[in-house]
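Below are some notes on the structure, set out as numbered points. They cover the contact between the chains, one helix pair and the overall form of one chain.

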Amino acid sequence: MALARFAAFAEALRQFLYGATGYEFERQAARLRGDLENLFLFMIVGDTIGVPILPPYYALRLVPYVVETLPYWKRRVLRERHPLEHEEFDLHGI
Amino acid sequence: MDNTLALIIVSAIGIFLGYNYYARRVDRDIIQSNPNKATPARMYMDGVDFVPTNRNVLFGYHFKSIAAAGPIVGAVTAGAIWGWVPAILWLILGVIFMGWASDYSAIVVSVRNDGNSLSATAHRLIAPRTRQVLLLFIFFYLLLVAGAFANLIATVLNDPRVPLGILALAVLGLVGGQMLYRMRTDLLVVTAVTVGGTLLCVLLNADATGPVAGVWKGFNGALNSLAPNGVTSVLDPTRAADQQNVAVSVSFLFWLLALFVFCYLGAVLPIWRFAQPVNYIGFWITAVTLILGGLGAFLAFFVRPDVSAFKLAGFYGFSGNPSFYAAGALQPLWPMLFVTIACGAISGWHALIGSVGTARQIENEQDMLPVGGGAMFTEHTLGVLSLLAIATAANPAGAYFVKFAEGIGGFLNVFGIPAAYGTGIGFAAFVVIVITVIQLVFRIMRVTLSEGLGERNPIFRNIHFGTLISMLATFVLVISGTWVYIWQLFGASNQLMAALSLLVVTVWLAATRRNPTYAAIPAVFMYVTTMAATLVTAYNLYATVFIKQLGQPGHEIAVIGSLLTIAIAIILFIAAVFIGIDGMRAYQRYRETPLEQVPAPGAARA
């Protein structure tokens, strides 16, 4: 019982330390990837959110692969943003 | 009572009672957090902004986001002005009744409003112009924090025990970014190289009589020989009467410019390249100082009672330290204590971060309290530790940060590290913690300038121009000399943001027919207090800095700097008046016609 409680505490501590150290880099990597995906989807299906981009013919072959992600992508790019939101990683520690 | 252990126990009891018997009650009965309710992170999961995250990971992330130089400098300054008793009382009572409420509620409002930021909610609930006013607050907040910190850091860098650690921080920050994102090195290896390397350089330079410090001493001496009487003069009214005319030395100017170069890199390079790894190293240094210093403070009572005993006066009186009223400045306990200690008791900046970043990662509504409130209670311990450091410093005279470093040196001495060496480590740790903050400040300042003025004049969108303008304004503030007033004005702008965030929360509570008392009373208190503090600081600047230097040859930049600071104080005051009027109107409006019905207390927990 005591050992299990200690193990649970050690696990919580490990998670806390990860949150305070490595998690920021994980989020930064996710954001970099998200930005690239944004650009990619703009090129393929930008017209679905009103951006007048004429995609190349071959982009049509990619559409079936991105259809599932469209609702999430639309919500992400059309969401109202705080002026400093993109700099959220810079806000830390003040 | 006047020893480290007693204060640690009092603070721990305060945290225990505040969290378990007040915060949990509000979370249960008023907010009615419901584990079955889908949070924005679960509803809108996109793998980027909205990511359901484990409670402990998020707690660590949020704590890391809010803990840095603020609680250290505030507690140290307030302790030196009014004594340790008022400082600890405000730290404890502030965090119990206001601090956690502000941080936690900002997250709650965001979670219950589809993950919208505080400014978006203010725009919707209070008035469209509230968002613009918030941006204005943010810009001046940043300018003031940069002015206060840059002055401190340039002064400390001028000390020959410090520069090597900071140079290592800059170089290893660049190396860390390269290793992590380009070479894809394991984080543990990167940590060992960057944090270990910085700590090693800090240790190499920590001995004031050592060879490295000797090199810096010679370097500073050579610089100062270029202009033995200094470059310009400033008046520091907080010093003794015959020492108020302070010459700005060439070496001070050099280290100020070196600091600006450091910050320029942080402001214009991609975030992963420099600012983020530097901040990461800074966090480790903060954590090591916090843990070792905290342990030392705790153990000192048993093994080194001489270190544990307080040397600082408990209470200097309601008018503060005599050096202030001797100079003609007003430092009444109310309202000035409540803005001098901002972070550690309550901070508006936390609410901003919480609503933008943390709230969108909350997996379960019942995580809102441990993450938002818990992190604030934990950050409060950093303020208490800083107060313990200054209270136990061997030399009660001297600059505030010197006393902080001496206090940390005393705590490290408990583990056998020589006091002189420990003080050097305390110095360097202080600089590392603060400098990681300043580089981010300039980065956000240029973004704020771009957002606020970019549409009127495209030149403000240029990252180099925005950064340089921010640095120029900061330079003028720094040369105005009296950093304590700038710090207090920064505290006032921070606390006004806290009042604004609590005001948004109050209006939201009224709009959803919840009892708003727990947020409304702190909102009114902080609003009135910070308005008064803004006026007092403007008077202090006018009476003790501006008018005394006006017309004096060699003091021209100091006059401009103090005038700029007075103008900022007036702008903040006027902006706060607008917010107050709009907030009152919104509160009345939603009391009469709430937005939605909420279930009766208890129903949501079924």
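**Notes on the predicted model**

1. In this predicted model, chain A uses 32 residues to contact 45 residues of chain B. On the chain A side, the elements giving two or more residues to this contact are α1 (2–20), α2 (23–45) and α4 (70–78) of chain A. By class, that side of chain A consists of 14 nonpolar, nine polar and nine charged residues.

2. Chain A has four helices and zero strands. Its pattern along the sequence is α-α-α-α.

3. The radius of gyration of chain A is 20 Å, whereas a compact globule of 94 residues would have one near 12 Å. The C-alpha trace of chain A spans about 65 × 35 × 20 Å along its principal axes. Of the 94 residues in chain A, 21% are buried.

4. Within chain B, helix α4 (residues 69–82) of chain B packs against helix α17 (residues 368–392) of chain B, with axes that come within 8 Å and cross at roughly 40°. An angle of 65 to 115 degrees would count as roughly perpendicular and one under 35 degrees as roughly parallel, so α4(B) and α17(B) are oblique to each other. The crossing of α4(B) past α17(B) is right-handed.

5. From α4(B), the residues making this contact are P71(B), I72(B), G74(B), A75(B), V76(B), G79(B) and A80(B). From α17(B) they are E379(B), L382(B), G383(B), S386(B), L387(B), I390(B) and A391(B). By class, the residues of the contact between α4(B) and α17(B) are nine nonpolar, four polar and one charged.

Technical notes
Residues numbered from 1 in each chain as written. Chains lettered and ligands numbered in written order. Predicted model: local features only at pLDDT ≥ 70, side-chain atom pairs only at ≥ 80, totals over all residues. Contact = placed C-beta atoms within 7 Å. Nonpolar A, V, L, I, M, F, W, Y, C, P; charged D, E, K, R; others polar. Axes fitted to C-alpha atoms, helices over the stretch in contact; angles between N-to-C directions. Parallel < 35°, antiparallel > 145°, perpendicular 65-115°, else oblique. Left-handed = near helix turned anticlockwise from the far one by under 90°. Rg over C-alpha atoms; globule rule 2.2 N^0.38 Å. Buried ≥ 20, exposed ≤ 12 C-beta atoms within 10 Å, placed from the backbone.
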